Amino acid sequence: MAAATADPTGVRSMQRLGHAVILLGPPGAGKGTQAQRIAEKYKLPHLSTGDMFRDNIRRETELGLKAKPMMERGELVPDDIVLRMVEDRISQPDCRNGFVFDGFPRTLAQANDLERICGKYNFGVTVVLHMVVDAALLMRRLTGRRICKSGGHIYNIYDRPPKQEGICDQDGSELIHRPDDTEGVISERLSAYEKQTRPLAEYYRTRKQLSPVDAMAKADDVTASIAKILDGAETPR
Ligand code: ADP
């Protein structure tokens, strides 16, 4: 009965570790879906810089107004804006036991600054989950993606459709098509990933923090392989 006594929820292990968990991979790799699941399993906050920007845009804050045109074009938001927002979020008490980052860092400058922030707040080991996926699959995943308006639950009209078209299975709210999930903007986002974000894989590989994950597998299998990596992660100093 080893499984029954071994912390089936995984809560204890992650609270002890205080890890910074990062999902690295191109748009459409499934970072959002997996980040939601890991955050729930390990009771850690799910931090998505994309969601933070979209929330600021909805509330028409100064930050949202600055980020909006760049997001609409599929370009990255400048590092100084992102970093101020991220440090502010990480310093909140709910991040004390660690957090799951989805969509950050996306540039070398952001990765360097995250290292500084993790040192400042005394976080443990940074685990970078590298979501490896075939480029041909990404366009299909992104053009088919639909997101629940209230809870952010993610569907795909081709591969993971909701039971009722346009309605979230989990909370019954409306599903929306993100304005940057259109072909032209997706191409821009993929090219920003290639130029600015892909070098981070090498950055984390040389620091021995990179764990590859087969993101082409079924969502449940991807979650299982991520859990295996996190459960085996080293305890920090
Ligand atoms: P995806 O990973 O599917 O492209 P996100 O929701 O993570 O979607 O990001 C949407 C947009 O938000 C990006 O195209 C970019 O404009 C902006 N953005 C999000 N995170 C960052 C970041 N860390 N640095 C710069 N821009 C960001």
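Let's start with Asp-181 and Arg-189: in this predicted model, their side chains are joined by a polar contact of 2.9 Å. Where does Asp-181 lie? You'll find Asp-181 in the loop between β7 and α9, the helix that covers 183–197. Is Asp-181 buried or exposed? Its relative accessibility is 1%, and buried means under 20%, so Asp-181 counts as buried. Now look at what surrounds this residue. If you skip the neighbours within four places in sequence, Asp-181 is in contact with Leu-142, Thr-143, Arg-145, Ile-186 and Arg-189.

Arg-189 takes us straight to the ligand. There are 19 residues around the ligand, and Arg-189 is one of those that come nearest, along with Thr-49, Arg-54, Glu-75 and Gly-103. Several arginines are worth clicking on here. Arg-54 has a polar side-chain atom 2.8 Å from an oxygen atom of the ligand. For Arg-106, a polar side-chain atom lies 3.1 Å from a ligand oxygen atom. Arg-178 also takes part: an N or O atom in its side chain is 3.1 Å from an oxygen atom of the ligand.

Next, the strands. Strands of a sheet pair through backbone hydrogen bonds, and they can do that in a parallel or an antiparallel way. Begin with β3, which covers residues 99–102. Which residues of β3 are buried on its two faces? On one side they are Phe-99 and Phe-101, and on the other Val-100 and Asp-102, so both faces of the strand are covered. Strand β3 has a parallel partner in β1 (residues 20–24), joined to it by four bridges. You can pick out Ile-22, whose bridge partner in β3 is Phe-101. Strand β2 (residues 46–48) pairs with β3 as well, in the parallel sense and over three bridges. In that pairing, Ser-48 stands opposite Asp-102 of β3.

Follow the chain into the loop between β3 and α7 and you'll meet Pro-105. Here's a little oddity: the peptide bond from Phe-104 to Pro-105 is cis, with omega near -5°. Most residues other than glycine have a negative phi, and most peptide bonds are trans. With that in mind, check two other spots. Lys-43 isn't a glycine, yet it has a positive phi of about 55°. Lys-43 is found in the loop between α3 (31–42) and β2, and its 55% relative accessibility means that it counts as exposed. Glu-60 also has a positive phi of about 55° without being a glycine. The loop that holds Glu-60 runs between α4 (49–58) and α5 (62–73), and with a relative accessible area of 62%, Glu-60 is exposed.

Back to sheets. An open sheet of three strands has the order β6-β5-β7, and its pairing is antiparallel. Why is one side of β6 and of β7 left without a neighbour in the sheet? Because β6 (154–156) and β7 (175–176) stand at the edges, and each has a single partner strand. Strand β5 (residues 145–148) is joined to β7 by two bridges, and these strands run antiparallel. At one spot, Cys-148 stands opposite Leu-175 of β7. A helix joins the picture too: α8 (residues 135–143) lies across β5 and β6, running at about 40° to β5.

Between β6 and β7 there's a loop, and Gln-164 lies in it. Is Gln-164 buried or exposed? Gln-164 has a relative accessible area of 52%, and over 50% means exposed. Try picking out Gln-164 and Gly-50 together: they are 114 residues apart along the chain, and their C-alpha atoms are separated by 27 Å.

Let's finish with a pair of helices. Two packed helices are described by the angle between their axes and the distance between the axes. For α7 (residues 108–120) and α10 (residues 199–206), the axes come within 9 Å and cross at roughly 35°. Which residues make the contact? From α7 they are Leu-108, Ala-111, Asn-112, Leu-114 and Glu-115, and from α10 they are Pro-199, Leu-200, Tyr-203 and Tyr-204. Sort these by character and you get seven nonpolar residues, one polar and one charged.

Notes: Residues are numbered from 1 along each chain as its sequence is written. This is a predicted model: local features need pLDDT of at least 70, side-chain atom pairs count only at pLDDT 80 or more; totals for chains, interfaces and linings use all residues. Side-chain values use heavy atoms; hydrogens and water are left out. Two strands pair if DSSP finds at least two bridges between them. Contact means heavy atoms within 4.5 Å. Axes are lines fitted to C-alpha atoms, for helices over the stretch in contact, and angles run from 0 to 180 degrees between N-to-C directions. Ala, Val, Leu, Ile, Met, Phe, Trp, Tyr, Cys and Pro count as nonpolar, Asp, Glu, Lys and Arg as charged, and the others, Gly among them, as polar. Buried means under 20% relative accessible area, exposed over 50%, partly exposed in between (1.4 Å probe, protein chains only). A polar contact is a pair of N or O atoms within 3.5 Å; within protein, one must be able to donate a hydrogen and the other to accept it, and residues adjacent in sequence count only if both atoms are side-chain atoms. A residue is near a molecule or strand if one of its heavy atoms lies within 4 Å of it.
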